[in-house]
Amino acid sequence: MDAPAIEMNGIRHRYDTREVLCGIDLTIEAGEIFGFLGHNGAGKTTAINILTTLIVPSAGRARVCGHDVVESRRDVTRCIGYLPAEVRLYPHLTAAENLEFFAKLSGVAEPRRAVAETLDYLDCADLADQRLGSFSTGMRQRIGIAQAVLHRPRVLFLDEPTAGLDPLGVRQLRETILRLNEDLGMTVFMNTHLLSEVAKVCTTIGVLNHGSLIYKDSIEETTRRFPDEASLEDIYVLMEGAPA
Amino acid sequence: MIATIAAHQMLSLRRQRIFLAVLATLMAMTTLAGLIGWSSHQTIVRVYDEAVRMLGAQGKPAPPNPFVLKPTLSLLSNMAIYIPLIGALLALILGHLSLADDESNGVGRLIFSRQVSRRSYFFGKVAAAAVVLAVILLVSFLISSVSLVLVNGAAPTVTDFLRLAVFYVVSWLYLMLFALIGMVTVLLTRRRSLALLAALGVWLVLTFAMPQFTSGLRPTASLNPITDPVSTSQTFFKVTAKARPFSVSEQYKEVSARVLETGASESTSATVLRVVPIVVLLGVLMLMTARLVRRHDYSRSSADE
């Protein structure tokens with residue numbers, strides 16, 4: 001059996017005196033689309049930063065595709081793609097130039113071909129020769145997704161990918177995530193506030209509250225477990241303990 | 001990976017308007033240095049010819065042509081002013097842009113979530129700055145050489161070319177200092193505007209404040225590499241003069257003056273010694289930048305601050 005796509009065991013992280021993650025234990029199997037929910041400042045981005053090797057956890061161990069994020073950083077980076085919240089890339093370069101740079105950094109053998117194929121796959125080949133500075137948020141987000149999947153990673157990390165997108169952009173993004181998951185078998189780890197999208201896209205959800213994982217289960221099981229709640233939003237509000 | 005980062009940085013700089021604007025200014029000033037040299041040469045020769053004619057009419061002997069006594073490269077003496085002023089600003093902006101974009105656009109997160117080590121990143125950025133400055137100075141060297149040919153009406157000697165080449169090598173070392181200062185301030189301050197202001201502050205101190213202090217407050221010393229008109233007797237000036245070897249801007253101008261033969265001559269070893277503070281500071285800044293890059297938190301962009 002394959003190793004889980006993501007494993008976190010007793011992950012803690014503190015910034016100065018403030019503990020942001022308080023011992024997270026989480027396993028995400030390969031092929032899942034995982035929605036990581038939580039209020040602002042709950043520690044979702046910190047968790048992604050640890051899993052993408054950008055920061056070293058204060059305590060605990062985390063593995064991505066079976067590789068330790070601290071000890072085998074290079075192996076981890078080889079199998080992940082990452083789209084941070086509000087990334088702007090290089091506005092004075094064209095989409096193709098931006099993507100070619102990231103393709104080279106990812107060790108792609110034929111960067112130009114990979115860029116062309118990825119843009120084709122994401123239906124945005126027409127954007128290749130335009131400078132990013134002239135793009136709308138939605139267009140920029142599509143290029144952002146392209147840079148994250150250029151090297152066909154096994155795990156894709158998305159941090160608030162719907163931020164600033166209009167309804168059409170949100171729908172396009174949802175379709176893209178589903179396609180990447182179905183066609184390429186990518187495991188997707190997504191931080192988001194948009195619960196309606198989580199319900200439509202994710203197979204599993206986890207809820208982070210003040211640095212602690214208070215819930216994790218499949219969407220189906222979640223709706224079964226809370227039969228009285230009309231939507232995922234109601235369930236989330238109930239979990240967070242806030243008034244509905 | 002170093003080559004990829006360096007090549008990307010060079011492409012990025014080619015597209016940055018502010019960088020191109022300062023580059024154009026430096027090139028214009030280099031051309032202007034030649035034109036000013038040519039123009040003053042023409043004027044002086046015209047006045048000299050007129051004087052020779054008048055003296056001849058009065059039956060008096062004419063003094064020798066002043067340009068026969070003047071070293072060929074001294075016509076480019078203004079370059080020793082333009083490089084610490086505009087060249088250093090250009091280098092500062094180059095260093096600033098090299099890291100600030102990755103910082104403020106959140107690209108640093110993307111770079112370091114890939115198989116890129118901090119070491120490759122550092123060397124890639126420094127290599128890009130070194131190559132770009134070298135190319136700029138090479139173009140400047142070519143413009144200067146053409147200016148010399150036009151002014152003199154004949155090609156300069158091999159020694160002149162070698163001296164000019166040495167001047168540009170020292171200039172390259174000097175400008176690398178400012179490129180690294182531009183990088184260090186980005187890594188220390190995180191905020192893009194503050195980083196640029198801090199870098200400009202350091203430039204002002206090195207280019208104007210330090211020379212004023214260490215040269216006994218000679219008003220023109222911050223610009224022109226002139227020798228001390230009179231030896232200062234006041235204790236304060238004697239003390240501040242002790243710090244002169246550490247003023248890299250002054251050392252650069254003194255070296256330039258010796259190489260371009262516009263200042264009082266001194267032994268080669270004394271001139272070489274003047275380059276030492278520049279090289280030492282360059283080494284210190286390299287180590288500092290490498291250390292800051294290694295420890296920098298790229299999980300945050302300046303937009304998060």
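Modeller: An axis here is a line fitted to C-alpha atoms, for helices over the stretch in contact, and angles run from 0 to 180 degrees between N-to-C directions. The model we are looking at is predicted.

Biologist: Thanks! At what angle do helices α5(A) and α6(A) pack?

Modeller: Helix α5 of chain A covers residues 137-149, and helix α6 of chain A covers residues 167-184. Their axes are 10 Å apart. The crossing is right-handed, and the angle is about 15°.

Biologist: Is that pair roughly parallel or roughly antiparallel?

Modeller: Angles under 35 degrees count as roughly parallel, and those over 145 as roughly antiparallel. The angle between α5(A) and α6(A) is about 15°. That makes α5(A), relative to α6(A), roughly parallel.

Biologist: How many charged residues are there in the contact of α5(A) with α6(A)?

Modeller: On the α5(A) side we find A:G138, A:Q141, A:I145 and A:V149. They meet A:G169, A:L173, A:T176 and A:L180 of α6(A). By class, this contact has four nonpolar and four polar residues, while the number of charged ones is zero: there are no charged residues.

Biologist: Helix α3(A) also packs on α5(A); how far apart are their axes?

Modeller: Helix α3 of chain A spans residues 95-105 and packs on α5(A) at an angle of about 25°. That angle makes the two roughly parallel, and their crossing is right-handed. The distance between the axes is 9 Å.

Biologist: Which residues of α5(A) take part in that contact with α3(A)?

Modeller: By class, the contact of α3(A) with α5(A) has five nonpolar, two polar and no charged residues. The helix α3(A) brings A:A95, A:N98, A:L99 and A:F102. From α5(A), they meet A:I143, A:A146 and A:Q147.

Biologist: Let's turn to the sheet. Which strands of chain A stand at its edges?

Modeller: Six strands of chain A form an open sheet with mixed pairing, in the order β6-β7-β8-β3-β9-β10. An edge strand has a single partner strand, so one side of it is left without a neighbour in the sheet. The twist from one strand to the next averages 15°. The edge strands are β6 (80-83) and β10 (212-218).

Biologist: Which residue in β7(A) is the bridge partner of A:G81?

Modeller: Strand β7 of chain A covers residues 155-159 and runs parallel to β6(A). Four bridges join the two strands. For A:G81, the bridge partner in β7(A) is A:L156.

Biologist: And which helix packs on the sheet, touching β3, β7, β8 and β9 of chain A?

Modeller: The direction of this helix makes about 150° with that of β7(A). The helix takes in residues 44-51 of chain A. Its name is α1(A).

Biologist: Which element gives the most to the side of domain 1 of chain A that touches domain 2?

Modeller: The domain assignment gives domain 1 as 1-79 + 154-216 and domain 2 as 88-152, with their C-alpha centres 23 Å apart. Their contact takes 10 residues from domain 1 and eight residues from domain 2. Five residues of the domain 1 side come from the element that gives the most, α6(A).

Biologist: Finally, which element gives the most to the side of chain B that touches chain A?

Modeller: The contact takes 21 residues from chain B and 26 residues from chain A. On the chain B side, the elements giving two or more residues are α1 (2-14) and α5 (107-112). With five residues, the one that gives the most is α5(B).

Technical notes. Residues numbered from 1 in each chain as written. Chains lettered and ligands numbered in written order. Predicted model: local features only at pLDDT ≥ 70, side-chain atom pairs only at ≥ 80, totals over all residues. Pairing = 2+ DSSP bridges. Contact = placed C-beta atoms within 7 Å. Parallel < 35°, antiparallel > 145°, perpendicular 65-115°, else oblique. Left-handed = near helix turned anticlockwise from the far one by under 90°. Nonpolar A, V, L, I, M, F, W, Y, C, P; charged D, E, K, R; others polar. Domains from an automatic or database assignment.
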